[in-house]
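Thank you for sending this entry for comment. My notes are set out as numbered points, and it may help to keep the sequence and the structure in view while reading them.

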Amino acid sequence: MLKLYDYHIHSVHSFDSLTSIADMCREAEKKGLAGLTFTEHIELANKPDEPDLLPDIPSYLKDLKKAQARFPDLELGLGLEIGFHFQKPEQLKELAGQENWDFIIGSLHSLDGLLTYNGEFIQGKEWEQVFDLYFRGICQALEFYDDCDVVGHIDMLRRYYPPEQAAWLTYDKFAGPLDTMFRLLIEKGIGLEVNTAAWRYKLPDPHPPLSLLQHYRRLGGEIITCGSDAHTLPSVGYRLADAYEFLRAAGFKYVSTFKERKLKQIPL
């Protein structure tokens, strides 16, 4: 039986979750997962009067070590989800260098000073413009900061549209910026994730849609993780088995895992 690994998990050590690491681990065991890699948020402020949203790293490490002792049958990873920041790449590098992380996701959570994870960025823009700007924004962000193993939910803005409209996002509509992004990722040795949170938003595909993932694979992309983006217990491991099938449909033969930032490919 293929082992399932959830590579996108947020606990109480992220600003937007109230769930303990221990409870997340207990839920993962109950659901038969082989492992969890926690990816706590690092989000630097866009404005001088706003706080940086950072985990208490000593507390995070302490809780994870307790969980590793308490749940020896679970493979537990220490990770981060770092929000790209165009003005503060050196601060991101400093934060990423504080510990021996197992895995780092890089995600574009703000663009042009507007948040992308609450629908703010899409206001007043045409649908096509939103995604063109977002894909190009990821490419620009990677020029400032590229110390990550995968880029997260590259089409997360689909969450803020009706499912029937979100289904319009296909490779053919954005071939130019997508090709630029995928080639840049492959050149830098950075992968993508299949993020099952899109299914929780009632979208037809996970993040990203099948046509995007197929083209990344056709270009030579091989690094691909799967994660639930869970912040609560019901979301832990959400539809991971379906995500693995989705990888197969896109042409992948392996799913990626990481330990101490070193890649291991597991046959599907």
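The points below go from the sheet to a helix, then to one histidine, and last to some backbone details.

1. Before anything else, please keep in mind that this is a predicted model, and that each remark below is a remark about that model.

2. The place to begin is an open sheet of 7 strands, whose order is 1-2-3-4-7-8-9 and whose pairing is parallel. Its edges are formed by strand 1 (5–9) and strand 9 (224–227), each of which pairs on one side only. As general background, the strands of a sheet pair through backbone hydrogen bonds, either parallel or antiparallel.

3. For a closer look at one pair within this sheet, take strand 3 (residues 75–83) and strand 4 (residues 103–107), which run parallel and are joined by 5 bridges. Which residue of strand 4 is the bridge partner of Ile82? The partner is Gly106, and finding these two residues in the structure is a good way to locate the pair.

4. Helix 9 (residues 240–250) lies across strand 1, strand 8 (191–195) and strand 9, and the angle at which helix 9 runs to strand 9 is about 155°.

5. Helix 2 (residues 57–70) allows a simple check of geometry, because at 1.5 Å a residue its 14 residues should span 20 Å, and the C-alpha atoms at its ends are indeed 20 Å apart. The buried residues of helix 2 are Ile57, Tyr60, Leu61, Leu64 and Ala67. Why can these residues be said to lie on the same side of helix 2? They cover an arc of only 130° around the axis, and therefore they are placed on the same side. On the other side of helix 2, Pro58, Lys62, Lys65, Ala69 and Arg70 are exposed, while the cover over the buried residues includes helix 1 (21–30), strand 2 (35–42) and strand 3.

6. His153 is found in the loop between strand 7 (150–151) and helix 5 (163–166). Is His153 buried or exposed? Its relative accessible area is 2%, and because buried means under 20%, His153 counts as buried. The side chain of His153 is joined to that of Glu81 by a polar contact of 3.3 Å. Leaving aside residues up to four places away in sequence, the residues that His153 touches include His8, Ser107, His109, Glu193, Asn195 and Asp229.

7. His207, which is also among the residues touched by His153, is joined to Pro208 by a cis peptide bond with omega of about -10°. Pro208 has its place in the loop between helix 7 (197–200) and helix 8 (210–218).

8. Asp112 has a positive phi of about 55° although it is not a glycine, and its position is in the loop between strand 5 (110–111) and strand 6 (114–115). With a relative accessibility of 61%, Asp112 counts as exposed, because the cut-off for exposed is over 50%.

9. Finally, strand 10 (254–259) and strand 11 (262–267) have Arg261 in the loop between them, and these strands run antiparallel, joined by 6 bridges. Within this pairing, Ser256 has Gln265 of strand 11 as its bridge partner. The hairpin has 2 residues between the strands, and Glu260 takes a positive phi near 55° there. Arg261 likewise has a positive phi, of about 65°, although it is not a glycine, and at 25% relative accessibility Arg261 counts as partly exposed.

Note on methods. Residues numbered from 1 in each chain as written. Predicted model: local features only at pLDDT ≥ 70, side-chain atom pairs only at ≥ 80, totals over all residues. Heavy atoms only, no water. Pairing = 2+ DSSP bridges. Helix = DSSP H or I, 4+ residues; strand = E, 2+ residues; numbered from the N terminus. Contact = heavy atoms within 4.5 Å. Axes fitted to C-alpha atoms, helices over the stretch in contact; angles between N-to-C directions. Buried < 20%, exposed > 50% of the residue type's maximum accessible area, 1.4 Å probe, protein only. Polar contact = N/O pair within 3.5 Å; in protein donor to acceptor, adjacent residues only side chain to side chain. Expected span 1.5 Å × (residues − 1). Arc of directions from axis to C-beta.
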